[in-house]
Every structure is written in C-alpha cells, then in structure tokens.
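Please look at the ligand site first. The points below deal with the ligand's surroundings and then with the pocket.

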Amino acid sequence: MAHKFVDNYRERGARKKLAEKLKDRGIQDKNVLGAIAKVPRHYFFDETFWLQAYKDIAFPIGDGQTISQPYTVAYQTELLHIKKGDKVLEVGTGSGYQTCILIELGADVYTIERQENLYNRTKLVLPHMGYQAHFFCGDGSKGILDHAPYDKILVTAGAPFVPEILLKQLKIGGILVIPVGDEQTQKMLTVIRVSETEYEKFELDTFRFVPLVGDQAW
Ligand code: SAH
C-alpha cells in the first residue's frame, strides 16, 4: 500500500456514522457496531477514494478485488457471536477488512485465500495496520484440517452447498456461517454443531456474494 495511514477526526466521525447507519439497518450487537466504528476501512482504499470508504457499499480496491459491503460484514459477524479467544476460520480473506473486524472482537483468526496476489497483499497490509492473523493461501472450501477444530467458521464467498468437511472442523457448540445458493443470489445459513453427529440449520436473508471456487464449491 503506497499511501501513509492517516486517521483523523473526519475519518473517525464518518466511521461512527457508518456504525449508526448499520444499527438503523438492524445490526444490534454493540460489540460488532463498536468494531465497525473502530476498524479504519479507508486504509483499504486508494487515498483518492477515502470518502467512499464509509458509505455502506462494496467497492473495487484493485487486483479485480472488491471489499465487502459493511452491512454484509456486520451481518455475518453478528451471526458468529464471537467471544474473546474464539478460534475462527475465515474462508476468503480478500481485502482483510472482515478479518480486522473479527480480530477487533478478540478472535484468533485463521484466514485462507485462494488468489495468491490477494493473499500476498493482505498478509502484509494487516500487520502494518496492527492486526495479527494466521494467513494461508489455498482452497478454503476444504477448511484447514491442520488447525481444526474451530469455534467458528465464516465463509465470505457464495457456496453451492454446505461442505461437509467444514462441518467436521467445527467444535461441538461451534457455528458455521455460510451463504448458499446459485451464482446469482445466496441465502445466509448458520449451522450449529450440537453434538458429534447432530447439526441445527437456520436459513436467513438473501445476499449476493462472489462465488466460492474450489474442491467443495463451484
Ligand atoms: N472477506 C473479504 C471479502 C471476500 S470476497 C473482505 O472483507 O473484503 C471473497 C473472497 O473469497 C475472494 O477474495 C475470493 O478470491 C475468495 N475465495 C473464493 N473461493 C475461495 C476458496 N475456495 N478458498 C479461499 N478463498 C476463496
């Protein structure tokens, strides 16, 4: 990232307003709203576009990559019910904005991205911003077996079905949040692992994600 990181009252004020807007849209978890108000989303943007950073919109950030809409990030995060120290697997690192939100909530994040250029960029940018995570490059539709089990698993790309192999990497009581559908739209699903063999599934609102591409995906 070429520009210097500058965070002034103007950016901080815009962030607070963004958090208030998400509250009006239905995000209730105070910790999630607090994290939105804290993570400097404009650091992911070219300086020319800083004013765009605190609008509730997805935005192209180079390398053919889009930073997720704040509402979507807050929505998925709220469903995860992150507790301090939770071990979280994030599939689809992308810009790393969602990763920062999880870290801000106290999660120990294992994040995997299949595109090498994004993996390389984000694993440099986040520590530079003060956010530490475990970065992996590869196909996250199979999870990361070496570090399983996880308290929570978050998939930030649209899947054709719930990969069985991800469910098996949840701790008992663990939660998987994943958008599932066709290429156009997906329903947000949460799956709770209630025992070794039983899962409870809830279907929620409709979203539009970029496709999850891989062995257990498109
Ligand atoms: N969480 C990001 C947005 C991610 S967009 C943010 O906050 O900005 C979804 C990302 O998932 C894309 O970067 C895409 O390359 C990645 N992806 C798609 N399929 C994947 C897979 N099988 N494993 C890992 N990453 C994948």
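1. The shell around the ligand consists of 10 nonpolar, 12 polar and four charged residues (Ala, Val, Leu, Ile, Met, Phe, Trp, Tyr, Cys and Pro count as nonpolar, Asp, Glu, Lys and Arg as charged, the others, Gly among them, as polar). The model is predicted: local features need pLDDT of at least 70 and side-chain atom pairs 80 or more, while totals for chains, interfaces and linings use all residues. Residues are numbered from 1 along each chain as its sequence is written, and side-chain values use heavy atoms, without hydrogens and water.

2. In total, 26 residues surround the ligand, the closest being S95, E113, D139, G140 and V213 (a residue is near if one of its heavy atoms lies within 4 Å).

3. A polar side-chain atom of D139 is 2.9 Å from a nitrogen atom of the ligand. Polar backbone atoms also take part: that of R114 is 3.3 Å from a ligand nitrogen, and that of S68 is 3.4 Å from a ligand oxygen (polar contacts are pairs of N or O atoms within 3.5 Å).

4. The ligand occupies the largest pocket, whose volume is about 770 Å³ (on a 1 Å grid over the protein atoms alone, a pocket is an open set of points where a 1.4 Å probe fits, with protein on both sides within 12 Å along at least five of seven lines; lining residues have an atom within 4 Å of a point; a molecule sits there if more than half of its atoms lie within 2 Å of its grid points).

5. The lining of the largest pocket has 39 residues, with Q65, T66, S68, T156 and V210 nearest its centre. By class, this lining has 15 nonpolar, 17 polar and seven charged residues.

Definitions and conventions:
A polar contact is a pair of N or O atoms within 3.5 Å; within protein, one must be able to donate a hydrogen and the other to accept it, and residues adjacent in sequence count only if both atoms are side-chain atoms. Grid points are joined across faces, edges and corners, and a volume is the space filled by probe spheres set on the points.
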